[in-house]
Amino acid sequence: MKAPEKMSLSRRGDDVRARASAGGVEVTVIVSRSGSGPCFFEKGGLAFRYEGTSLTSAQEKLVREVAAGLDGVSFEELASCAPEEIEESPDVAREAGTGDVVTVGQWGGEDVWRTFVMRREFTRNAGSAIRLKGAGIITVSHGESECLYATPRIEARNISLHAYPWVRPLERVTRDMAAAFAPVPRSITTDLRDADVITGGAARLDAVLRDLEAWTGEQDLVIVKSTCVPHVIGDDMEASVASWRGKGSIRFDDVFSPSDRDVLAELLAGAIGRPIGEGAPGGARVSVAGLAGTPAMEELGGILEEAGIEVGCVLVPEVDLRAASSWCASAVQVLVSSPYHDRLNEKVFIPLGMPTVAPPAPWGVARTGAWLEAIARACGRTDRMMETMDHMRERHGPALERLVERAGGHRLGFVVDAGEVESLRDPSQMAGIPVLDMVIELGFGVDVLEYDPCGEVSCVQDGFVSVHGFEDEEGLERLMRELPCEAIYSDLYADGRITRLGKVPFSLQAFEPGIHGAQRTAEKLIGACEMPFYRKYGRHGRKG
């Protein structure tokens, strides 16, 4: 067994906990038997999880190094090397002999003060990033109503603790009036109460499903989705679904299932319904996965059509199963990559065997141009697209240049963990968006505040970007207060760590794809930098 620079093992119940460190990076890896439940990944009969409010790219590398070092080691062999972990209290554990408080996985974790990018929360709740839509779709969420505020769906307009990137309250919204006035609500919660948590909540789910039986029709599809509480208390949700006697069909979507089964992928693949290897149609018609229901898709579709390319079916993140049957009527399928959509791409679209185009997603002006050109090449419309892009530059170039000039007078701040600066350029780490490249293209200066417990990071200037190290909470607050960045990135709504210093928080919700979307992104970020509210009143905010 090859270990990182430093690794200690302990056993807690059916899990082995490996605390590893290398190059100033630390992570706690939880190892259990394969098939024991949801995990980060499985390898060689072992399931690997991790602790912490987020997992940085450096920590992910360390987790995979731990897994590689355990290659060929059975869980029994590993557990035999790990002493039973003894906790000093039920609430707070301490590393033996070090006095360090271990609060990972609890409120008030020791790294919360420097956590501004919430990748773990986004990954955990990514199931709400894709929405089934259509007149016949009814979703029943079995759980507490408060859970809906922690995991808002794509069309939600309620404020959540986190600024989920797939919820865009600043975008132009088109509402489906027919759905708004439908006789049956399209999204229902069983709203478990305290007594249900104690005695069991299956009866509430049974009651909701019985009520629905009289309202549903032959074409309706009821999706019952699990949440945390009924899993913890042991509700038999599958039995409730099996007892359904209504019209139409019903499916149970167990988001906590350890299996590789994906109900949404099964439904979508069935709705598309084309066997692999069937001949593809000709012509310049494309189906697009990844931008459905966004203003950007309407705008990009207009550009494609101006270049002689017809836009057919558009799916994901909104998924209309009835429209999906026309997917294969296109000559080419275009897949827009996102960490929240890629699983559907792999399970549903790639196996179709259609001619496929999957260039880098159209975030920012340059990437949007490259995305459109790649589609045009696949459809034999390159010359038409070049002409169309020339017209686009003539129409939108002057306005964009003015925005870039205004942005040049502002700076944006990002707080990252040790070794995390490059993650801001990595779309897979930032909801599919190359954040740093996009804001630089729009003309903004950037201040990156990097956690540096060893005191090795000095101020580094690289073009538009300057990197500053901090060692503790006081050092971070001093940098946030003194650096010229007027707006600072955070995945928490109205982050008080930022606002009380007179700065403005912004998140991925300000970013939009496409050329028009780049302009709107610049306007939103400039607006955040120029907003005087927190500069004037931030000092009245309380710390903590």
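In this predicted model, strand 15, helix 12 (residues 342-349) and strand 16 come together as a β-α-β unit, and the unit is right-handed. The two strands of that unit also pair with each other: strand 15 and strand 16 (residues 356-357) run parallel, with two bridges between them. One of the contacts puts Val-334 across from Val-357, its bridge partner in strand 16.

Strand 15 has another neighbour too. Strand 13 (residues 285-292) runs parallel to strand 15, and four bridges hold up the pairing. Here Ala-289 has Leu-335 of strand 15 as its bridge partner. As for cover, strand 15 (residues 332-335) has none of its faces left open: Val-332 and Val-334 are buried on one side, and Gln-333 and Leu-335 are buried on the other. Val-334, then, is a buried residue that bridges to Val-357 in strand 16, while Leu-335 is a buried residue that bridges to Ala-289.

Turning to the N-terminal strands, strand 3 (residues 25-33) is mostly covered as well, with seven of its nine residues buried. Strand 3 pairs with strand 2 (residues 15-22) in the antiparallel sense, and the count there is seven bridges. Arg-17 and Ile-30 are bridge partners in this pairing, with Ile-30 sitting in strand 3. The hairpin made by strand 2 and strand 3 has two residues between the strands, and Gly-23 in that hairpin adopts a positive phi near 60°.

Strand 3 also pairs with strand 5 (residues 46-50), again antiparallel, this time over five bridges. In that pairing Tyr-50 of strand 5 stands opposite Val-29. Tyr-50 turns up once more among the aromatics, where Phe-40, Phe-41, Phe-48 and Tyr-50 make up one aromatic cluster.

On to the aromatic pairs, of which the model has 16. One of them is Phe-122 with Tyr-164, a tilted pair with ring centres 5.4 Å apart and planes at 50°. Phe-122 belongs to helix 3 (residues 119-124), whereas Tyr-164 is in the loop between helix 4 (147-150) and helix 5 (177-180), so this pair ties together parts that are 42 residues apart in sequence. Both Phe-122 and Tyr-164 are buried.

Phe-533 and Tyr-537 form another tilted pair, at 5.2 Å centre to centre and with 50° between the planes. This one is a local affair: both residues lie in helix 19, four residues apart, which is about one turn of the helix. Helix 19 itself covers residues 533-537.

How much of these two rings' residues is left open? Phe-533 has a relative accessibility of 45%, so Phe-533 counts as partly exposed. Tyr-537 lands in the partly exposed class as well, because its relative accessible area is 40%. With the cut-offs set at under 20% for buried and over 50% for exposed, the in-between label follows for a value of 40% or 45%. The Phe-122 and Tyr-164 pair, in turn, has both of its residues buried.

Phe-533 and Tyr-537 also show up on the surface, where together with Met-531 they make a nonpolar patch of about 280 Å². Membership of such a patch calls for over 30% relative accessible area, and Tyr-537 at 40% and Phe-533 at 45% fit that requirement.

Note on methods
Residues are numbered from 1 along each chain as its sequence is written. This is a predicted model: local features need pLDDT of at least 70, side-chain atom pairs count only at pLDDT 80 or more; totals for chains, interfaces and linings use all residues. Side-chain values use heavy atoms; hydrogens and water are left out. Patches are made of residues with over 30% relative accessible area and no salt bridge: like charges are joined within 9 Å, nonpolar side chains (Val, Leu, Ile, Met, Phe, Trp, Tyr) within 5 Å. Accessible areas come from the Shrake-Rupley method with a 1.4 Å probe; for residues, only the protein chains shown count as cover. A salt bridge is a side-chain nitrogen of Lys or Arg within 4 Å of a carboxyl oxygen of Asp or Glu. Buried means under 20% relative accessible area, exposed over 50%, partly exposed in between (1.4 Å probe, protein chains only). Two strands pair if DSSP finds at least two bridges between them. A crossover is right-handed if, with the strands pointing away from the viewer, the path from the first strand over the helix to the second runs clockwise. Rings of Phe, Tyr and Trp (its six-membered ring) pair if their centres lie within 6.5 Å; planes under 30 degrees apart count as stacked, over 60 as edge-to-face and the rest as tilted.
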